[in-house]
Amino acid sequence: MNDTCPYCGVKYEVEPGYFYAAMYVSYALSVAEIVTVSVAIAILTGSESPWSYLIGLAVTILVFAPFNFRYARLILLHFLTPKISYDPRYELAAEIGEKN
């Protein structure tokens, strides 16, 4: 992972422990996915076997892990960190730098 954004120059490590907070967001996403899949398994199969739930939830966690990894940081950055905002001057500076 880059230390800074190649386009706008923003540091990814805004403060010590910033990405620890993203782990909490990822955890919330995982809980929402697991609850949804658990309810879906209960409604669709009607099974009381714990193995159907364990297999379904393990597959869900593995399938959604890349999604949670990427989007937890984006959610934290865009919705939970209002002090960081987009500045089009950085994009213009990156375009000028690429041309030279």
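Buried means under 20% relative accessible area, exposed means over 50%, and partly exposed lies in between (1.4 Å probe, protein chains only). This is a predicted model, in which local features need pLDDT of at least 70, side-chain atom pairs count only at pLDDT 80 or more, and totals for chains, interfaces and linings use all residues. Residues are numbered from 1 along each chain as its sequence is written, and side-chain values use heavy atoms, with hydrogens and water left out.

**Overall fold.** The protein has three helices and zero strands. Helices (H or I, at least four residues) and strands (E, at least two) are DSSP runs, numbered from the N terminus. The order from the N terminus is α-α-α. Of the 100 residues in the protein, 20% are buried.

**Three residues.** The table lists their helix and exposure.

| Residue | Helix | Relative accessibility | Class |
|---|---|---|---|
| Y18 | α1 | 6% | buried |
| S52 | α2 | 26% | partly exposed |
| W51 | α2 | 60% | exposed |

Y18 lies 9.5 Å from L77, C-alpha to C-alpha, and 59 residues separate the two in sequence. S52 and S38 are 14 residues apart in sequence, with 9.6 Å between their C-alpha atoms.

**Helix packing.** Helix α1 covers residues 18-45 and packs against α2 at an angle of about 145 degrees, with the axes 7 Å apart. Axes are lines fitted to C-alpha atoms, for helices over the stretch in contact, and angles run from 0 to 180 degrees between N-to-C directions. The contact of α1 with α2 involves 19 nonpolar, seven polar and two charged residues. Here Ala, Val, Leu, Ile, Met, Phe, Trp, Tyr, Cys and Pro count as nonpolar, Asp, Glu, Lys and Arg as charged, and the others, Gly among them, as polar.

**Surface patch.** Helix α2 spans residues 50-79 and holds W51. W51 also belongs to a nonpolar surface patch of about 890 Å², made with L54, I55, V59, V63, F64, F67, Y71 and L74. Patch residues have over 30% relative accessible area and no salt bridge; nonpolar side chains (Val, Leu, Ile, Met, Phe, Trp, Tyr) are joined within 5 Å, like charges within 9 Å. A salt bridge is a side-chain nitrogen of Lys or Arg within 4 Å of a carboxyl oxygen of Asp or Glu. Areas come from the Shrake-Rupley method with a 1.4 Å probe; for residues, only the protein chains shown count as cover.
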